[in-house]
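Q: I have a protein model open in front of me and would like to learn how to read it, feature by feature. Could we go through it together?

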Amino acid sequence: MNDVSSSPATPAQGGAYRLDLPRFLAVLLGGALFGFGLAASTMIQPQVVLSFLRWQDFGLVLVMGGGVVLTALAYALLPRWRQAPLLGGNFERHASAWNRDTVIGSALFGIGWGLCGVCPGPAIAGLGAGSWDLLWALAGIFAGAWWQGRQASTN
């Protein structure tokens, strides 16, 4: 029914996006740009993030606030300026489910972020900068993702 190669369904509709070459290159470019941004803003340095979480350095508020404002503007304005996304498909809203699992997962994410000083994006970008200690954080992140997927498949 939801064959990836022929279905126009999106993940929100139970389908999947095709990852053809233009989409793959867009994802690669977006990931590289995101990684460079994280490195330039020093978010890949756990000591910087931990000083932010201890209320000692509020520089990351500017970084996160800038990202939120830019994303909000893009989500609000791009559907008005364009009929469809550059790589095809339709603009659509993503349905979010807030439940007990979301709250527990968010709390665990925050605790892990506070313990190691990085979240997934900066951890991966930090590996590119030679911070091999972040492999421990990534191991925990992947273990948590595996566990969540396992729990979701049994429910």
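Q: Let me begin with a single residue: in which helix is Ser 51 found?

A: Please keep in mind throughout that this is a predicted model. Ser 51 is found in helix H2, which covers residues 46-53.

Q: Is Ser 51 buried or exposed, and how should I decide?

A: The general idea is to look at the relative accessible area of a residue, where a value under 20% means buried and a value over 50% means exposed. Ser 51 has a relative accessible area of 12%, and therefore it counts as buried. When its neighbours within four places in sequence are left aside, Ser 51 is in contact with Gln 56 and Asp 57.

Q: Which residues of H2 are buried, and against what do they pack?

A: A helix can be read by listing its buried residues and then asking which elements they meet. In H2 the buried residues are Pro 46, Val 48, Val 49, Ser 51 and Phe 52, and the partners against which the buried residues of H2 pack are H3, H4 and H6.

Q: How do I recognise a nonpolar core, and which residues make up the largest one here?

A: The idea is to search for buried nonpolar residues that are joined through their side-chain atoms. In this model the largest nonpolar core has 10 residues, namely Leu 38, Met 43, Ile 44, Val 48, Val 49, Phe 52, Leu 60, Trp 113, Cys 119 and Ala 125. Helix H2 gives the most to this core, with three residues. Apart from it there is another core, of six residues, including Val 118, Ala 123, Ala 137 and Leu 138.

Q: What does Val 49 touch, if residues up to four places away in sequence are not counted?

A: With those residues set aside, Val 49 touches Met 43, Leu 60, Trp 113 and Gly 117.

Q: Let me step back to the whole chain: how many helices and how many strands does it have?

A: Reading the secondary structure starts with a count of its elements, and here the protein chain has six helices and zero strands, so that the order from the N terminus on is α-α-α-α-α-α. Of its 155 residues, 17% count as buried. Among the contacts between residues at least 6 apart in sequence, 36% join residues at least 24 apart.

Q: How can I judge the length of a helix such as H1, and what does it reach from its first C-alpha to its last?

A: One compares the span with the one expected from the number of residues. Helix H1, residues 21-40, has 20 residues and reaches 28 Å, which is close to the 28 Å expected at 1.5 Å a residue.

Q: What comes before H1, and is Leu 19 buried or exposed?

A: Leu 19 is found in the segment before H1, and because its relative accessibility is 57%, it counts as exposed. Leu 19 nevertheless touches Phe 24 and Val 27, not counting residues up to four places away in sequence.

Q: What should I look for in the backbone angles of the loops?

A: Most residues other than glycine have a negative phi, and a positive value is therefore worth a second look in such residues. Thr 42, which is not a glycine, has a positive phi of about 65 degrees and lies in the loop between H1 and H2. At 28% relative accessibility, Thr 42 counts as partly exposed. Trp 55 is a residue other than glycine whose phi is also positive, near 65 degrees, and Trp 55 lies in the loop between H2 and helix H3 (59-81). With 67% relative accessibility, Trp 55 counts as exposed.

Q: Where is Ser 131 found, and how many residues separate it along the chain from Gln 45?

A: Ser 131 is found in the loop between helix H5 (120-128) and H6, and its relative accessible area of 28% makes it partly exposed. Ser 131 and Gln 45 are 86 residues apart along the chain, while their C-alpha atoms are separated by 8.4 Å.

Q: Finally, how do I describe a pocket, and how much space lies in the second largest one?

A: A pocket can be described by its volume and by the residues of its lining. The second largest pocket holds about 850 Å³ of space, and of the 24 residues that line it, the closest to its centre are Gly 105, Leu 108, Gly 144, Trp 147 and Gln 148. Helix H4 (100-116) and helix H6 (134-154) each supply at least two residues of this lining, and H4 gives the most, with 10 residues. By class, the lining has 13 nonpolar, nine polar and two charged residues.

Terms used: Residues are numbered from 1 along each chain as its sequence is written. This is a predicted model: local features need pLDDT of at least 70, side-chain atom pairs count only at pLDDT 80 or more; totals for chains, interfaces and linings use all residues. Side-chain values use heavy atoms; hydrogens and water are left out. On a 1 Å grid over the protein atoms alone, a cavity is a set of points where a 1.4 Å probe fits but cannot get out, and a pocket is an open set with protein on both sides within 12 Å along at least five of seven lines; lining residues have an atom within 4 Å of a point. Grid points are joined across faces, edges and corners, and a volume is the space filled by probe spheres set on the points. Helices (H or I, at least four residues) and strands (E, at least two) are DSSP runs, numbered from the N terminus. Ala, Val, Leu, Ile, Met, Phe, Trp, Tyr, Cys and Pro count as nonpolar, Asp, Glu, Lys and Arg as charged, and the others, Gly among them, as polar. A nonpolar core is a set of buried Ala, Val, Leu, Ile, Met, Phe, Trp, Tyr and Cys residues joined through side-chain atoms within 4.5 Å. Buried means under 20% relative accessible area, exposed over 50%, partly exposed in between (1.4 Å probe, protein chains only). Contact means heavy atoms within 4.5 Å. The expected span of a helix is 1.5 Å times one less than its number of residues.
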